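Hi,

Here is the structure I said I would pass on. Have a look at it below, and then read my notes on what turned up.

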Amino acid sequence: QDNLHVVWEEDGEGNAKTMYTMKKLNMDWTDPVYITNEYNLLPQIGIDYSETIHVAGDGFRLQYLQNISGVWMPMENPDTIAILNPNMVVAENGDVFIAAESGDRIELVTRYRESGQWKREFISDSYAYPWVGSVAVDDSGIVYVAWTVKFTNQIKIRMKYPNGTWSEIDSIPDMEGDPWRSQLAVDENVLYVVWNAHTETWDYDIYLQTRTHDGIWLERQQLSLTPSASLGQGIFIIDDILHIAWHEKFDEENDSNRDIYYITVNLNN
């Protein structure tokens with residue numbers, strides 16, 4: 001319907017609760033409202049074909065909300081285990097996929113619209129430093145999950161097929177620097193991975209690498225090309241154009257002078 005929906009973590013008096021606002025086409029933003037009554041970090045948002053809004057966040061455990069026809073439903077806690085850094089994607093049919101850190105492993109939490117039941121799966125080996133799982137799903141129903149193994153210069157990739165089986169764990173080859181977090185986009189079984197890596201003292205750069213449908217990794221691209229810290233990247237694909245954004249942190253580590261950078265990549269060439 002060309003509406004915009006935004007969630008964020010409100011600090012200060014909000015005590016890191018989640019706020020929400022929306023904007024209909026050619027109209028003003030609605031007044032922001034709190035949609036959680038408790039601590040909830042890093043809220044994620046997704047919308048399916050029925051215009052149901054899905055929100056997930058980290059409140060020391062996974063917290064999940066739905067907005068159906070303008071009404072916020074009661075909060076659900078699909079995972080009672082403590083989680084960190086959730087990353088959610090919602091398929092057009094309303095299936096929900098959430099990747100998160102859970103102890104010393106990466107976990108995928110799913111709810112398929114047809115069954116309405118939550119399911120938890122640990123999908124990584126046990127690591128000393130698993131970091132920030134990310135998730136994507138393609139039109140054929142294949143689920144892609146990526147995560148970083150800190151201090152080892154590795155990003156791991158694993159796929160879940162529609163029949164419920166999992167692939168072996170793959171790794172992005174020959175990485176330079178220490179990757180912090182990755183984000184995924186997928187189109188026609190081709191996977192695009194973007195991440196930021198620590199290459200020099202207080203210098204982080206944004207990289208992009210493509211995995212073909214037959215599992216071949218193409219040449220890596222460095223996108224940021226800046227002398228300062230490139231962080232917090234996001235990725236989205238539409239009409240054969242890859243859209244990538246990140247925030248650039250200038251000056252020293254403890255300063256907060258930042259700006260938003262944005263780039264597009266034409267996948268046809």
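First, a term you'll need: a pocket here is an open set of grid points where a 1.4 Å probe fits, with protein on both sides within 12 Å along at least five of seven lines. Also keep in mind that this is a predicted model.

Now the pocket itself. The second largest one has a volume of about 190 Å³. It is lined by 13 residues, and those closest to its centre are Glu51, Ile53, Asn67, Ser69 and Gly70. Sorted by class, the lining has eight polar residues, four nonpolar and one charged.

Ser69 is worth a second look. This residue sits in the loop between strand S6 (62-68) and strand S7 (71-72), and its phi is positive, about 55°, although Ser69 is not a glycine. For background, most residues other than glycine have a negative phi. Is Ser69 buried or exposed? Ser69 counts as exposed because its relative accessible area is 74%, and the cut-off for exposed is over 50%.

Asp174 also has a positive phi, near 50°. You'll find Asp174 in the loop between strand S16 (170-171) and strand S17 (178-187). With a relative accessible area of 73%, Asp174 is exposed.

Last, the surface. Leu4, Val6 and Trp29 make a nonpolar patch of about 270 Å². Of these, Val6 belongs to strand S1 (residues 4-10). Val6 has a relative accessible area of 31%, so this residue is partly exposed; that label covers values between 20% and 50%.

Cheers

Conventions. Residues numbered from 1 in each chain as written. Predicted model: local features only at pLDDT ≥ 70, side-chain atom pairs only at ≥ 80, totals over all residues. Heavy atoms only, no water. Patch = residues over 30% accessible without salt bridge, like charges linked within 9 Å, V, L, I, M, F, W, Y side chains within 5 Å. Areas by Shrake-Rupley, 256 points an atom, 1.4 Å probe, with all protein chains shown as cover. Salt bridge = Lys/Arg side-chain N within 4 Å of Asp/Glu carboxyl O. Helix = DSSP H or I, 4+ residues; strand = E, 2+ residues; numbered from the N terminus. Buried < 20%, exposed > 50% of the residue type's maximum accessible area, 1.4 Å probe, protein only. 1 Å grid on protein atoms, 1.4 Å probe; cavity = no way out; pocket = protein on both sides within 12 Å on 5 of 7 lines; lining within 4 Å. Points joined across faces, edges and corners; volume = space filled by probe spheres on them. Nonpolar A, V, L, I, M, F, W, Y, C, P; charged D, E, K, R; others polar.
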